Amino acid sequence: MNRHEITEQIVLARLRLGLTWQQLADAIDRPVLWTTSALLGQHPIPAELARILVERLHLDESVVPVLAAPPMRGGLPTAVPTDPTIYRFYEALQVYGGAIKELIHEQFGDGIMSAINFSVDLHKKSHPSGDRVVVTLDGKFLPYQWVSADS
């Protein structure tokens, strides 16, 4: 069974059993965003934690090694995302990406925000005009280090 098929089984089992992503994260004492992303195929899950999730989801133990293996990360079905929720992030980065890049360089220097040494958080904030979605991306700054081929 491949990772895509296992992900489909996970989603179906979670819905069938009435489990929330938060309940699954709590079962392994990991952040909900990380756990959800991992169960959707974007992170390897340590085997001991994968076993807990597989048991909780009533899946076959044979999926544990696949869940524990480093996955092929990223990738969307289309170059421009068509799912409205994902597209809004794409749209926001189209509008604000250049400004974010400029401010990173101005405030930190020539470099990037790591997506490896990284955390992400999402929470709901009440607001008089309607609830707000607050997403925090927290990545280590990595300066470009140019070295010559002779170094």
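**Salt bridges, core and surface patch**

At a relative accessibility of 39%, Arg51 counts as partly exposed. The model is a predicted one. In this model, the side chain of Arg51 meets that of Glu61 in a salt bridge, with an N to O distance of 3.1 Å. Arg51 belongs to helix 4, whereas Glu61 sits in the loop between helix 4 and helix 5, so the pair ties together parts that are 10 residues apart in sequence. Glu61 is also partly exposed, with a relative accessible area of 44%.

The whole structure holds three salt bridges. Another of them joins the side chains of Arg88 and Glu91, at 2.8 Å from N to O. Both residues lie in helix 6 (residues 84-108). They are three residues apart there, so about one helical turn separates them. Arg88 is partly exposed, at 43% relative accessibility. Glu91 is partly exposed as well, at 32%. A further salt bridge links the side chains of Lys124 and Asp131, with N and O 3.5 Å apart. Lys124 and Asp131 are both exposed. In general, side chains of opposite charge can pair when their charged atoms come close.

Arg88 and Glu91 recur in the annotation. An unreviewed UniProt entry marks Arg88, Glu91 and Ser114 as "active site". Two of these residues, Arg88 and Glu91, thus share a salt bridge in the model. Ser114 is placed in strand 1. Its relative accessible area is 4%, which is under the 20% limit, so Ser114 is buried. Beyond its neighbours within four places in sequence, Ser114 is in contact with Gly139, Lys140 and Leu142.

The unreviewed UniProt entry also places a domain, "Cyanate lyase C-terminal", at residues 75-146. Over this range the chain is 35% helix and 38% strand. The C-alpha atoms at its two ends are 29 Å apart.

A nonpolar patch lies on the surface. Its members are Phe89, Met113, Phe118, Val120, Leu122, Val133, Val135 and Leu137. Together these residues have about 680 Å² of accessible area. Strand 1 (111-125) and strand 2 (132-143) each supply at least two of the patch residues. Strand 1 provides the largest share, with four residues. Leu122 is found in strand 1. At 48% relative accessibility, Leu122 counts as partly exposed.

Other nonpolar residues are buried. In soluble globular proteins, nonpolar side chains tend to be buried together. Here the largest nonpolar core comprises 19 residues. Those with the most contacts inside the core are Ile10, Leu24, Leu39, Ile45, Leu57, Leu59 and Leu67. Five helices give two or more residues each: helix 1 (3-17), helix 2 (21-28), helix 3 (32-39), helix 4 (47-56) and helix 5 (64-68). Helix 4 gives the most, with four residues. Helix 4 also carries Arg51, the partner of Glu61 in the salt bridge described above. Around Ile45, residues up to four places away in sequence were set aside. The remaining contacts of Ile45 are with Trp34, Ala38, Leu39, Ala50, Leu53, Leu67 and Ala68. Of these, Leu39 and Leu67 are, like Ile45, among the core residues with the most contacts.

Key: Residues are numbered from 1 along each chain as its sequence is written. This is a predicted model: local features need pLDDT of at least 70, side-chain atom pairs count only at pLDDT 80 or more; totals for chains, interfaces and linings use all residues. Side-chain values use heavy atoms; hydrogens and water are left out. UniProt positions are given in the numbering used here, feature names are shortened, and annotations may be inferred rather than shown by experiment. Patches are made of residues with over 30% relative accessible area and no salt bridge: like charges are joined within 9 Å, nonpolar side chains (Val, Leu, Ile, Met, Phe, Trp, Tyr) within 5 Å. Accessible areas come from the Shrake-Rupley method with a 1.4 Å probe; for residues, only the protein chains shown count as cover. A salt bridge is a side-chain nitrogen of Lys or Arg within 4 Å of a carboxyl oxygen of Asp or Glu. Buried means under 20% relative accessible area, exposed over 50%, partly exposed in between (1.4 Å probe, protein chains only). A nonpolar core is a set of buried Ala, Val, Leu, Ile, Met, Phe, Trp, Tyr and Cys residues joined through side-chain atoms within 4.5 Å. Contact means heavy atoms within 4.5 Å.
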